[in-house]
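Let us walk through a protein model step by step. Keep the sequence and the 3D view side by side as you read.

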Amino acid sequence: MATFRHICDSVAVITLSNPPVNALSSALIQALQKALGEAIRDSAVEAIVICGDKGKFCAGADIREFNKPSQKRGPHLLLLTDLIESNKKPVVAAIEGVALGGGLELALGCHYRVAHVQARVGLPEVLLGILPAASGTQRLPRLIGIAAALTLITTGKYVPAREALKLGIVDKVVGENTVDEAIRLAKKVIGQPLGSRQLSTLPVQCPPNVEALLAEAMVKVKKQFRGAQSPQACIEAVRAAVHLPYTEGIKKEQELYQFLNATHEPRAQQYAFFAEREVAKWTLPSGASWKTVSPQPIHTAAVIGLGTMGSGIVISLAKAQIPVIALEKDKKQLNIGSKAVISLLDRETLKMKQLGHTEATNSLGPVRFTLDYGELRDVDIVIEAVFENMILKKEIFRHLSGICKPEAFLCTNTSGLDIDEIASVTDRPQMIVGTHFYAPAHIMKLLEVVHGRYTSSISISTAMQLAKNLGKIGVLVGNCPLFVGNRLMVLYLQQAIFLVEEGNKLEEIDQTLENFGLAMGPFQMMDLAGLDTLWGCHVEHGLARPEQSSGISTHHHSSKRYSQLLGILCEKSRFGQKSGQGWYKYEKPGGRKAMSDPWLHNFLSEYHGVNNFKTQKITQEKIIEWCLYVIINEGFKVLEDGMASGPEDIDVIYNSGYGWPKHTGGPMYYASLVGLPVVLTKLEKYYEANPDIPGLKPSSLLKNLAALGNPPLKEWRALLGSWSSKL
């Protein structure tokens with residue numbers, strides 16, 4: 001676990017070993033404490049170096065032990081960091097790979113820190129619903145100042161070695177032989193006073209406006225992490241570092257940690273953390289799985305269509321150092337698309353240079369632009385990214401079948417069209433995969449990998465591995481209309497529109513759902529996506545009728561309620577942000593700042609009267625139930641249909657692609673928090689009052705699970721053996 005060995009010239013090296021990332025389990029902390037005690041007591045040892053086995057210093061606490069009773073966890077890391085700092089022999093941390101969370105707190109307890117140029121450091125505890133609880137909130141501000149410490153602690157941001165050097169977190173950055181360099185430094189400082197290197201003894205350097213700085217940080221995190229308590233607790237812990245002596249600050253840090261640990265947030269965010277790893281472990285009904293099927297290597301790629309989505313996909317491939325051929329239909333579109341791609345590439349290069357990558361230009365795969373399909377004949381994978389039109393997509397795939405090599409994978413970036421219909425025009429349906437990227441594709445982490453009826457397990461394995469290579473979270477879903485994410489989302493947006501038809505203000509609906517924690521309310525989301533795009537989607541999937549009317553609008557079809565509002569707004573050229581007006585108005589076409597629009601409110605008042613809608617203004621609590629419970633309900637229907645392997649898949653999709661607040665775990669986890677019987681009762685009540693809204697009709701799976709009480713989410717599948725994946 002932690003081995004102690006002598007090095008010549010009185011330096012001892014202690015190596016952390018707990019594969020794969022040297023997480024600080026109770027056993028490792030105990031072994032480290034023992035090895036450190038031996039080195040301190042050994043009169044032949046005058047300095048100590050702590051490093052990690054296999055080029056990784058330490059990725060932090062062992063998250064699997066978080067829910068263990070404290071009395072069973074062994075010695076606390078805080079005692080260890082205090083022991084390291086207070087001992088008379090200089091201790092140097094040799095940081096390779098990562099020093100995250102408890103790993104960085106361990107390094108901060110050391111007197112000196114040497115880092116490899118590719119190492120990263122950070123305190124990501126806030127992303128797990130807690131705060132650094134082994135002196136991180138007290139030592140880091142003493143080392144780098146309040147402003148920089150607040151940023152790192154409240155965001156969980158990872159810092160590359162060169163930036164860590166500038167901030168003062170590490171003392172030296174080396175390109176190789178990190179441990180040897182740490183040994184040399186240890187030898188050099190033997191016998192030197194350690195007072196200024198013991199961070200707990202240092203005062204916090206506070207700017208004159210420190211209270212204003214803390215208040216500003218609080219406002220920022222309340223807006224950025226709506227509803228989450230851990231970022232606010234982090235600020236309170238840093239405030240304690242400013243106003244209290246170290247020992248009192250530590251007490252406050254521990255109090256805040258215990259407070260957070262008593263809430264649901266740590267367990268929800270830790271569930272979300274593990275869920276992201278679980279979704280990579282896919283299995284097909286045939287038995288083929290991530291364990292048994294090897295992906296094919298992707299050395300070259302092509303992207304067809306250089307609009308917003310296609311350009312982002314090109315950048316994603318280039319960042320993964322995969323050479324890309326980018327194809328457009330004509331010179332004009334190629335010129336526009338190539339300029340967009342080059343601009344994005346320049347931004348990525350600049351960003352990488354700022355992060356300390358001196359060879360940033362060489363870190364991106366080459367991109368070649370063309371109008372000639374013939375240039376795609378030897379690529380390993382093609383990703384089609386033209387707009388959502390089945391006829392156009394089929395034409396492209398028919399063409400690709402006659403050009404690409406037989407072993408090339410052909411992927412379609414569609415947000416909901418039938419993969420099997422696209423595959424039907426090719427000579428290789430087994431090689432056709434849906435790859436639903438989320439915009440902007442070079443930033444968003446989610447990739448829905450869609451399994452068609454004939455898609456081979458090798459194609460699935462390759463697409464899932466590609467997601468990983470692109471730094472994305474791949475989630476395997478079935479080929480149903482709109483797949484999983486959008487299938488749930490359109491019902492949510494529809495519910496929000498129904499509320500507006502009944503006299504509720506769209507600004508209040510947005511604000512309520514943002515206060516719940518969603519990154520963006522439904523009406524701002526619609527303006528961002530484009531009302532014309534959404535209207536087309538609603539019509540195509542039977543959620544509205546294509547006829548539009550600026551006057552009286554019938555709002556039922558085959559006994560189902562629907563709204564024509566999207567169509568009417570599109571008829572008035574109100575497409576959202578891109579046109580400068582939609583549900584909100586903007587300062588200009590393409591503007592981002594949403595402003596309430598008096599014209600729209602007048603129009604809605606008139607529309608409400610003409611169509612004789614019954615006014616039903618509801619509370620914030622009911623807005624949340626009305627809008628979010630349809631997402632949960634449809635999630636259960638997705639599981640019933642076998643279009644997702646488990647509730648974790650749905651939660652990862654919503655956390656990573658739709659801005660769902662991770663401190664509630666995801667929609668399915670949130671349902672278990674609320675209580676399945678409670679969710680069911682509410683849905684039954686709403687459906688009884690609104691039998692013309694099918695999305696409110698409770699799922700059979702939800703009913704069956706609620707009849708069992710409120711079983712933990714991890715037990716859902718075992719309790720209902722008949723539920724099976726049809727991927």
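A residue counts as buried under 20% relative accessible area, as exposed over 50%, and as partly exposed in between. Keep in mind that this is a predicted model. Now take arginine 277. Its relative accessible area is 40%, so arginine 277 is partly exposed.

Arginine 277 has a partner. Its side chain meets that of glutamate 276 in a salt bridge, with 4.0 Å from N to O. Glutamate 276 has a relative accessible area of 19%, so this residue is buried. One side of the pair is therefore partly exposed, while the other is buried.

Step back to the whole chain. The domain assignment gives domain 1 (2-262), domain 2 (301-479), domain 3 (486-611) and domain 4 (620-722). The centres of domain 2 and domain 3, taken over C-alpha atoms, are 31 Å apart. A UniProt annotation from an unreviewed entry can be laid over this map. It reads "domain: 3-hydroxyacyl-CoA dehydrogenase C-terminal" and covers residues 483-586 and 627-712. Look at the span 627-712. It is 64% helix and 0% strand. The C-alpha atoms at its two ends lie 24 Å apart.

Next, find the loop between α11 (265-278) and β10 (301-304). Serine 289 lies there. Is serine 289 buried or exposed? Its relative accessibility is 8%, so serine 289 counts as buried. What does serine 289 touch, leaving aside its neighbours within four places in sequence? The contacts are Trp282 and Thr283.

Back to the salt bridges. How many does a search of the whole structure find? The search finds 30. Glutamate 375 and arginine 368 form one, at 3.0 Å from N to O. Glutamate 375 has 29% relative accessibility, so it counts as partly exposed. Arginine 368 has 43%, so arginine 368 is partly exposed too. Now compare glutamate 384 and lysine 393. Their side chains meet in a salt bridge at 2.5 Å, N to O. Both of these residues are buried. Salt bridges can also join up into a network. Asp82, Glu85 and Arg139 are linked in this way.

Glutamate 384 leads to another residue. Cysteine 411 lies in strand β14, which spans residues 409-412. Set aside its neighbours within four places in sequence. Cysteine 411 is then in contact with Ile381, Val382, Ile383, Glu384, Phe397, Val433 and Thr435. At 2% relative accessibility, cysteine 411 counts as buried. Now look along the chain to alanine 2. Cysteine 411 and alanine 2 are 409 residues apart in sequence, and their C-alpha atoms are separated by 47 Å.

What about the other cysteines? Cysteine 627 has 0% relative accessibility, so cysteine 627 counts as buried. Cysteine 206 has a relative accessible area of 35%, so cysteine 206 is partly exposed. How many disulfides does a search of the whole structure find? It finds zero. Why does cysteine 206 have no bond to another cysteine? The closest cysteine sulfur is in cysteine 234, and it is 18 Å from the sulfur of cysteine 206, which is too far for a bond. A disulfide needs the two sulfur atoms within 2.5 Å.

Terms used. Residues numbered from 1 in each chain as written. Predicted model: local features only at pLDDT ≥ 70, side-chain atom pairs only at ≥ 80, totals over all residues. Heavy atoms only, no water. Helix = DSSP H or I, 4+ residues; strand = E, 2+ residues; numbered from the N terminus. Buried < 20%, exposed > 50% of the residue type's maximum accessible area, 1.4 Å probe, protein only. Contact = heavy atoms within 4.5 Å. UniProt positions renumbered as here; feature names shortened; annotations may be inferred. Domains from an automatic or database assignment.
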